[in-house]
Amino acid sequence: MTIGHFPTKWKTATVIPILKPGKDPTQPTSYRPISLLSAISKIAEHIILDRLQSHLETNNILCPEQFGFRKNLSTTHQLIRVVEFIEEAFNAKQKTGAVFLDIQKAFDRVWQDALIHKLISYNTLNYITKIIQNYLVNRNFMVKVNNEFSDLKQIKAGVAQGSKLGPILFSLFINDIPKQHNTMVWMYADDTAILAKHKNPNFIHVALTKHLQTLGAWFRKWKIELNVSKTESIMFSKCRNNSKFRPPKINNKSIEWSQECKYLGVILDRKLSWKPHFTYIKNKFRELTRKFFPIISRNSKMSRENKILIYASYLRPVLTYACPVWGYAPNYILKILATQQNIIIRNIFNAKFYMKNRDIYRALDFPTFNSFITKIATNFFKNLDDHDNLAIQNITKYTPDPKIKRPRNILL
């Protein structure tokens with residue numbers, strides 16, 4: 001730390017390619033590279049990260065809209081901002097236009113010299129800047145396939161994948177992303193969205209297009225490449241047909257309105273009915289359940305307590321992910337997920353057809369699906385009100401009301 005030197009031996013990564021589901025194994029792009037770094041290098045990174053974060057937090061440098069890899073902030077916090085923004089517009093009889101940007105190979109293509117320039121501009125302590133600069137340069141990797149290693153190749157751009165420092169360095173690199181008064185920005189690492197709301201869809205088109213033009217110039221300046229083909233837009237409205245609204249443009253290319261978009265693992269449909277998301281989660285849950293079925297089936301000799309433990313640790317989190325965001329959905333839609341839990345619990349309990357679900361839950365002393373997500377949401381919103389993040393504080397405060405559809409209605 002004193003001399004600003006990061007040992008060369010710690011800069012070599014072993015990359016293991018993992019085939020993406022359903023992809024052609026003969027194509028290199030079909031593989032996801034998993035980077036394995038020296039364990040001792042991560043200890044050194046942790047020390048550097050601790051001091052860098054202390055500087056960033058003390059001087060309030062990171063923009064409040066960036067929630068990625070920050071203390072006391074999660075994907076659920078960012079999603080609640082998005083959903084509250086959209087539902088608030090619905091209640092005001094407004095529409096909301098959203099563009100979900102896809103930054104191509106975001107971490108791998110960070111302009112290192114520009115990153116150091118930005119660290120200096122944020123008045124980062126000299127010794128931290130010096131060791132980060134040394135940490136970034138002369139990095140190498142080799143690919144491992146079936147116990148065979150490739151030759152060493154040099155990494156000339158980007159931040160190290162799988163590192164502790166990588167996410168915060170990327171956040172600093174895009175920290176000065178342009179903002180505009182008539183649009184809002186949501187960021188979780190490289191997952192970036194811009195939203196605008198208004199009664200007039202033409203206003204939304206102009207606001208989003210203008211902001212995208214500004215972003216396009218900013219991306220070119222800092223050598224960030226946007227994947228326009230994977231960038232999606234959606235108009236959240238109660239109208240039957242969104243095709244009549246003009247879509248936003250970027251690089252003179254229209255981004256046609258989609259019926260639904262996936263953001264931070266949650267599917268947002270244009271009316272926020274949540275049915276597409278629940279259907280997606282149900283299918284994902286069933287696929288995962290099949291893998292565990294041999295040990296949690298009725299005929300399995302594993303103890304009931306361990307079966308419950310497996311369900312609560314591995315399966316239930318799939319059903320309940322981001323539940324404070326969608327927990328206010330109507331009961332007939334929530335039943336899609338509640339039924340999946342009931343099936344597993346009845347299976348674990350080896351229940352007969354005439355046994356009632358409420359009696360089974362009482363006998364197991366296990367919470368029902370609805371009571372569990374309500375408990376999570378209660379704690380979440382309690383902590384949300386006391387949060388020190390400025391972007392969260394700007395969420396409109398309101399009292400839950402069954403006449404108004406808003407996320408906090410789960411507390412009723």
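The following paragraphs lead through selected features of a predicted model, from a nonpolar surface patch to a buried helix and then to a strand hairpin.

The account begins at the surface. Four residues, Met1, Ile40, Ile43 and Ile47, make up a nonpolar patch whose accessible area is together about 340 Å². One member of the patch, isoleucine 47, belongs to helix α1, which spans residues 39–58. Isoleucine 47 has a relative accessibility of 38% and is therefore classed as partly exposed, since that class lies between the limits of 20% for buried and 50% for exposed residues.

Helix α1 also takes part in covering another helix, α4. Helix α4 runs over residues 126–136, and its buried residues are Ile128, Thr129, Ile131, Ile132, Tyr135 and Leu136. The elements that cover these buried residues include, besides α1, the helices α3 (112–121) and α5 (166–173) and the strand β4 (139–145).

The backbone on either side of α4 deserves attention. In the loop that joins α3 to α4 lies asparagine 123. This residue is not a glycine, yet asparagine 123 has a positive phi, near 55 degrees. Is asparagine 123 buried or exposed? Its relative accessible area is 61%, so asparagine 123 counts as exposed, the threshold for that class being over 50%. Just after α4, a positive phi appears at asparagine 138, with a value of about 55 degrees.

The last region concerns strands β7 and β8. Strand β7 covers residues 184–188 and β8 covers residues 191–198. The two strands pair in the antiparallel sense, and five bridges connect them. Within this pairing, methionine 187 faces threonine 192 of β8. Strand β7 is mostly covered, in that four of its five residues are buried.

The turn of this hairpin has two residues between the strands. Alanine 189 is located in this loop between β7 and β8. Which sign does phi take at alanine 189? The angle is positive, about 60 degrees, although alanine 189 is not a glycine. The relative accessibility of alanine 189 is 4%, and the residue is therefore buried, as the limit for that class is under 20%.

Two loop residues with positive phi can thus be set side by side: asparagine 123, in the loop between α3 and α4, is exposed at 61%, whereas alanine 189, in the hairpin of β7 and β8, is buried at 4%.

Conventions. Residues numbered from 1 in each chain as written. Predicted model: local features only at pLDDT ≥ 70, side-chain atom pairs only at ≥ 80, totals over all residues. Heavy atoms only, no water. Patch = residues over 30% accessible without salt bridge, like charges linked within 9 Å, V, L, I, M, F, W, Y side chains within 5 Å. Areas by Shrake-Rupley, 256 points an atom, 1.4 Å probe, with all protein chains shown as cover. Salt bridge = Lys/Arg side-chain N within 4 Å of Asp/Glu carboxyl O. Buried < 20%, exposed > 50% of the residue type's maximum accessible area, 1.4 Å probe, protein only. Contact = heavy atoms within 4.5 Å. Pairing = 2+ DSSP bridges.
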